[in-house]
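Work through the exercises below with the sequence and the 3D view open. Try each task before reading its solution.

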Amino acid sequence: MADETLFDFLHNEIINYILENGDRDKNNEGKDEDLSLLEYIGFSTGYRIIERLTKEMPRFKDELDTMKFVCTDFWCAIYKKQIDNLRTNHQGIYVLQDNNFRFLTSLSNGKQYLEVAPRYVAFTCGVIRGCLANLNIMCLVTAEVQNMPSCKFHIQVQRT
Amino acid sequence: MAVCAAIIGKDNSPKFFVTINPDEELQFQYRVLSSLDIVEDKLNSGVKGGADTKELYLGMLLSLEAHKIYGYVTNTKIKFIIVVDSTNMVLRDNEIRSMFRKIHSEYADIVSNPFYIPGEPISSKNFTTNIKNIMTGTV
């Protein structure tokens, strides 16, 4: 669909923009790329969009209920598919596995581009963190890419 | 027709307040803020309660001599409060419910506005007019 491609292009351009600006600011050779701004853009997006997405939803019972919402309705709204696997230890760690992650499908499979993969998942980490923050769940989100089109998101809920 | 509408943030600080008659604003602020305790009560009892409490609309919170106060809490813990004149018999539960739905849509729109920073008081003129229109039933 044309409108879905637009989001893909926009996402790619945001990544390019941030990487270019990061390169200009400092010559960080060999160091990890600074993706915190990208993550922040995602956070802001997630924080705002969740208000609209949960408008018609009944109130969530608990944390797990919220996570299920993220895996189904939320993921469908942004990535046009559901999360393939949700696992939890019931102590605040959730692992969301997407076997065909939207932003990675257009990259070639295999190990070749594995080192640039973090660029394409940072925005999503931010989106997840933002939407959970607005739903009153403070957490850390990290992503893990082992085999190209599949991606795992680790959500670590911070209990106070 | 509602006489007052308010949006209260996660931390129970008022984000937006509008009254049809500006002279009564202070008096309404007091009533709205005192009804927040009941909102809290309803939300906490909802944890143990049945399926009925899963709705965002909380129903009537307070019935005073002159006014009735209704509440609605979004999934993101933003509270909407509407004050209605008790003498107004035309306004049924369903109308109040749809009024809250419209306010929620407006709120979702303002949150998506990049010039609005979530958590700040809402100062958009456009938003104020839209909410007033919803309150008076002109939309």
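**Exercise 1. State how many residues each chain gives to the contact between chain A and chain B, and describe the side of chain A.**

Step 1. Chain A contributes 14 residues and chain B contributes 13 residues; two residues are in contact if their C-beta atoms, placed from the backbone, lie within 7 Å.

Step 2. On the side of chain A that touches chain B, the largest share is the five residues from helix α2 (residues 36-53) of chain A. Helices (H or I, at least four residues) and strands (E, at least two) are DSSP runs, numbered from the N terminus.

Step 3. By type, that side of chain A has six nonpolar, three polar and five charged residues. Here Ala, Val, Leu, Ile, Met, Phe, Trp, Tyr, Cys and Pro count as nonpolar, Asp, Glu, Lys and Arg as charged, and the others, Gly among them, as polar.

A note on the model: it is predicted, so local features need pLDDT of at least 70 and side-chain atom pairs count only at pLDDT 80 or more, while totals for chains, interfaces and linings use all residues. Residues are numbered from 1 along each chain as its sequence is written, and chains are lettered from A and ligands numbered from 1 in the order in which they are written.

**Exercise 2. Find the strand order of the open sheet in chain A.**

Step 1. The four strands of this sheet lie in the order β1-β2-β4-β3 (chain A), with antiparallel pairing; two strands pair if DSSP finds at least two bridges between them.

Step 2. β1 (85-88) and β3 (139-144) of chain A are the edge strands, each pairing on one side only.

Step 3. Six bridges join β3(A) to β4 (residues 151-157) of chain A in the antiparallel sense. Within β4(A), Phe153(A) is the residue opposite Ala143(A).

Step 4. Helix α5 (residues 117-134) of chain A packs on the sheet and touches β3 and β4 of chain A; its direction makes about 155 degrees with that of β3(A). Axes are lines fitted to C-alpha atoms, for helices over the stretch in contact, and angles run from 0 to 180 degrees between N-to-C directions.

**Exercise 3. Describe the elements and the overall dimensions of chain B.**

Step 1. Chain B has three helices and five strands, in the order β-β-α-β-β-β-α-α from the N terminus on.

Step 2. Along its principal axes, the C-alpha trace of chain B spans about 40 × 35 × 25 Å.
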